[in-house]
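Here is a short tour of one model, meant to be read with the structure open beside it. Please load the view below and follow along.

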Amino acid sequence: MHDVKAIRDESEAYRRAWASRGVDDAGGKVDAILATDAALRAAQTALQAAQSRRNDASKLIGAAKAQKNEERAAELMAEVEALKGEMAAQAEAEAAHGAALRDLLAALPNLPAADVPDGEDEHGNVELRRVGEPPRLNDPKDHVALGEALGMMDFEGAARMSGARFVAIKGQLARLERALGQFMLDTHTGEFGYTEVSPPLLVRDEAMFGTGQLPKFRDDQFGTTDGRWLIPTAEVSLTNLAREQIIGEEELPWRMTALTPCFRLEAGASGRDTRGIIRQHQFWKCELVSITTPEQSDEEHERMTACAETVLQRLGLAYRVMQLCKGDMGFSARKTFDIEVWLPSQGVYREISSCSNCGDFQARRMDARARKAGEKGTRFVHTLNGSALAVGRTLVAILENYQDESGRIAIPDALHPYMRGMTHIEP
């Protein structure tokens, strides 16, 4: 959500910022916001004027009756009745313009931070660093071929019960998937100070609106018959723990993590990622969320990204970090770092984590505020979120990077304690 007063004061900056993010007719949308805001304020002013006139007339009625001036009293009562009608009309106009303004503001993405590079899509993203060397493999198999050869990935069985984009992972591979999630949680809670949370997987409209999934991305979500939504990421549940709260600034930052299943419809997605488990309707993810003051958020963003990188480093996986350009960032983000892991079968780096600083964008939608000790005023917090990591994609990376020519998969050393000493996965 956006501050309409700021749009009034800096309309040209908003036009440029939204145009840089690929918003169609950004100037026209700003004009519509300003016109609707003006109509709203005019209705509010007219309502207040009518209320004031009614109050004055009501006082004069008593005075007229005290003076036994019934004719004047009758005139004043007629005026009060007429003002009631005008007040009702202006109240209705105020509500209509207010709803229209909220709809306009809710549909527009966050503004990019000043240091976000220009660009229309992923081709405008900027590589910041590479870590680790990709393994040299002869004719590497992809994770689907490896998983099926092991007899531990059953796509056909899953499809018979659930349709496309589901898998049943079995045996040692299921243990490895579980081990990855536990390793991520233990690292973030034990070393980086995140508090583990087991949050709701079903949320209401208000929660999805707060983090920006609604209304724009309604068609990408799984809804239930009672009006709730299956979470597309634990970001929704964790971030909304701050909704409608006033938090003491001395308590911040809040750092939370959760390992949850996530559900995404992604009806329009197609292409190579429909094969395998890189893009599925249901998947596990370890999520990080931070609630901070405005002064803390940039540093916290770097810290969060480093926490996610640490997991990949300990798993011995080569990766690179990208800063997303304005045209490729998510709806709620003001600045995003993507971490991309090396996949030998494709010979490219693929996204495995996205760490975003949302500024006060989500906080405004959730009414999440902070207050300094001893002060009366409040201000909106900043919210950040990051995958640390997507478990399924990490599993894919391990399968492909640790394969040998016989189809066995070496298990990274960091996971041995979680695998009861097992060092390889094999048929």
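Gly-151 comes right after helix α5 and has a positive phi, near 75°. The model is a predicted one. At the other end of the helix, where α5 starts, the backbone nitrogen of Val-144 has a side-chain oxygen of Asp-142 within 3.1 Å.

Which residues of α5 (residues 143-150) are buried? They are His-143, Val-144, Leu-146, Gly-147 and Leu-150. These residues lie on the same side of α5, because the arc they cover around the axis is only 165°. Their packing partners are β2 (153-154), α6 (155-162), α7 (171-190), α12, β16 (409-410) and β17 (424-425).

Now to the sheet. Eight strands make it up, in the order β1-β10-β11-β12-β15-β9-β8-β4, and this open sheet has mixed pairing. At the edges stand β1 (126-131) and β4 (195-196); each has a single partner strand, so one side of each lacks a neighbour in the sheet. Within the sheet, β8 (residues 254-263) and β9 (residues 282-292) run antiparallel and are joined by 10 bridges. One of the bridge pairs is Phe-263 with Gln-282 in β9.

Two helices can be compared by how they sit on this sheet:

| Helix | Strands contacted | Angle to β15 |
|---|---|---|
| α10 (residues 297-314) | β1, β8, β9, β10 (319-323), β11 (335-343), β12 (348-357), β15 (382-390) | about 5° |
| α12 (residues 391-401) | β8, β9, β11, β12, β15 | about 35° |

Helix α12 thus links the two parts of this tour: α12 packs on the sheet, and the buried residues of α5 pack against α12.

Terms used: Residues numbered from 1 in each chain as written. Predicted model: local features only at pLDDT ≥ 70, side-chain atom pairs only at ≥ 80, totals over all residues. Heavy atoms only, no water. Pairing = 2+ DSSP bridges. Helix = DSSP H or I, 4+ residues; strand = E, 2+ residues; numbered from the N terminus. Contact = heavy atoms within 4.5 Å. Axes fitted to C-alpha atoms, helices over the stretch in contact; angles between N-to-C directions. Buried < 20%, exposed > 50% of the residue type's maximum accessible area, 1.4 Å probe, protein only. Arc of directions from axis to C-beta. Polar contact = N/O pair within 3.5 Å; in protein donor to acceptor, adjacent residues only side chain to side chain.
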